[in-house]
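Please read the following points beside the model, which is a predicted one. They are grouped by element.

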Amino acid sequence: MLEALSRLLPLTRYPYVGERINCPVCDHALTTDVANLDRRFKRLPTKCCDACGLLFTNPMPTEDELGAYYTKYYRLDYQMATTSPKQKHIVKRNREAAIRVAHVMDLLPSNARTLDFGCGSGEFVCQMLEKGFDAHGFELGEAYGRYAQSKLGERIQIEKWQDLSFDRPFDMVTCFHVVEHLRDPISAMSKMVEWLAPEGLVYIGVPDMGQRHPSRGFGGLHFAHVLGFNHHNLLLAARKVGLRPTRTIAPTDIIFERGVAGEADQIAVSGHRLSQEIYGNGNAYRSYLRYQVGKLVKR
Ligand SMILES: [Zn+2]
């Protein structure tokens with residue numbers, strides 16, 4: 001009970017110890033402080049990588065600490081759901097899935113085999129099946145994974161990505177709003193490539209922390225998102241695992257194919273420049289205030 005409370009009370013620390021790490025994308029050791037608060041005014045140390053501009057929590061929660069959080073608190077924290085997804089959540093996810101399906105339809109052969117990495121309650125897998133694709137997915141969270149399984153059976157596995165292997169490759173691996181939750185994005189993305197057929201595609205979507213307007217500053221930060229990407233450092237992460245963009249739907253909503261594009265150093269410099277503009281020199285706090293005051297004025 002006390003632990004549950006300390007996750008919610010403002011200005012207190014989250015109950016984790018964590019460990020100091022280098023940038024999880026480019027391995028650079030130096031960072032600049034971005035904010036020590038998150039959107040709930042809880043204390044959360046967010047740093048910006050001095051090389052590529054990735055935002056990340058440092059000290060970073062350990063794998064066990066993240067695991068405990070997801071098992072016990074995540075859905076309660078974000079959707080106030082404990083046993084199964086709420087109707088409102090499913091309607092929203094279905095709407096998002098329809099848009100994503102439309103983005104991939106023309107890129108895939110008609111019988112394509114697809115895998116949704118962190119499929120949640122399974123709406124994307126379900127809609128891909130309806131279009132005739134051989135769609136599969138996996139989810140770590142029990143409540144949502146069980147719900148997806150109840151609709152889609154063996155096509156859904158409840159597993160950690162580290163524990164999964166497949167006997168046949170996929171024509172496309174999709175991963176929507178999952179990578180920002182992972183402490184080791186490069187290993188996870190390497191797995192996606194490993195599971196891919198030679199001409200296969202990887203479609204990754206993450207929240208865009210490079211958005212200037214509306215600039216929410218530290219209001220975009222919270223415990224579950226241990227990483228904050230912008231367009232450039234997402235490209236850099238993809239480049240590290242041998243992927244280059246083939247269709248850019250939005251700055252951090254990108255379909256990749258195998259290959260290498262751009263100079264790593266230049267991509268990193270662009271990522272850092274953008275993060276500094278938005279979050280550097282106390283801008284994380286100023287832009288939060290501007291955003292909140294703006295909302296009040298508009299009322
Ligand atoms: Zn970096």
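1. Helix α7, which covers residues 185-194, packs with α8 at an angle of about 55°, and the axes of the two helices are 9 Å apart. That angle makes α7 oblique to α8, because it falls outside the ranges that count as roughly parallel, roughly perpendicular or roughly antiparallel. The contact is made on the α7 side by Pro185, Ile186 and Met189, and on the α8 side by Ala237, Ala238 and Lys240. As for its hand, the crossing of α7 and α8 is right-handed.

2. How, then, do α8 and α9 pack? Their axes are 8 Å apart and the angle is about 150°, and the two helices are therefore roughly antiparallel to each other, the cut-off for that term being over 145 degrees. From α8 the contact draws on His232, Asn233, Leu235, Leu236 and Arg239, while α9 contributes Ala264, Ile267, Ala268, Ser270, Gly271 and Leu274. This crossing of α8 and α9 is left-handed, whereas that of α7 and α8 is right-handed.

3. Helix α9 itself runs over residues 264-279, and its 16 residues reach 22 Å from the first C-alpha to the last, close to the 22 Å expected at 1.5 Å a residue. Its buried residues are Ile267, Ala268, Ser270, Gly271, His272, Leu274, Ser275, Ile278 and Tyr279. These buried residues pack against three strands, β1 (31-37), β2 (43-49) and β3 (55-57), and against two helices, α8 (231-240) and α10 (283-298). After α9 comes Asn281, a residue with a positive phi near 50°.

4. Which residues touch the most other members of the largest nonpolar core? In this core of 72 residues they are Cys52, Leu54, Val173 and Val202. For Val173, leaving aside residues up to four places away in sequence, the residues touched are Leu115, Phe117, Met192, Trp195, Leu196 and Val202.

5. Two loop residues with positive phi deserve a look at the backbone. Asp27, in the loop between α1 (2-8) and β1, has a positive phi of about 70° although it is not a glycine; with 13 other C-beta atoms within 10 Å, Asp27 is partly exposed, because a buried residue would need 20 or more and an exposed one 12 or fewer. His177, in the loop between β7 (170-176) and α7, likewise is a residue other than glycine with a positive phi, here near 55°. The count for His177 is 16 other C-beta atoms within 10 Å, so His177 is also partly exposed.

6. Where in the model does the cis peptide bond between Asn58 and Pro59 fall? Pro59 lies in the loop between β3 and α2 (63-72), and the bond that joins Asn58 to Pro59 has an omega of about 5°.

7. A last point concerns Ala143, which has its place in helix α6, residues 142-152. Ala143 has 18 C-beta neighbours inside 10 Å and therefore counts as partly exposed. Although Ala143 and Ser84 are 59 residues apart in sequence, their C-alpha atoms are 5.3 Å apart in space.

Terms used:
Residues numbered from 1 in each chain as written. Predicted model: local features only at pLDDT ≥ 70, side-chain atom pairs only at ≥ 80, totals over all residues. Helix = DSSP H or I, 4+ residues; strand = E, 2+ residues; numbered from the N terminus. Expected span 1.5 Å × (residues − 1). Contact = placed C-beta atoms within 7 Å. Core = buried A, V, L, I, M, F, W, Y, C linked by C-beta atoms within 7 Å. Axes fitted to C-alpha atoms, helices over the stretch in contact; angles between N-to-C directions. Parallel < 35°, antiparallel > 145°, perpendicular 65-115°, else oblique. Left-handed = near helix turned anticlockwise from the far one by under 90°.
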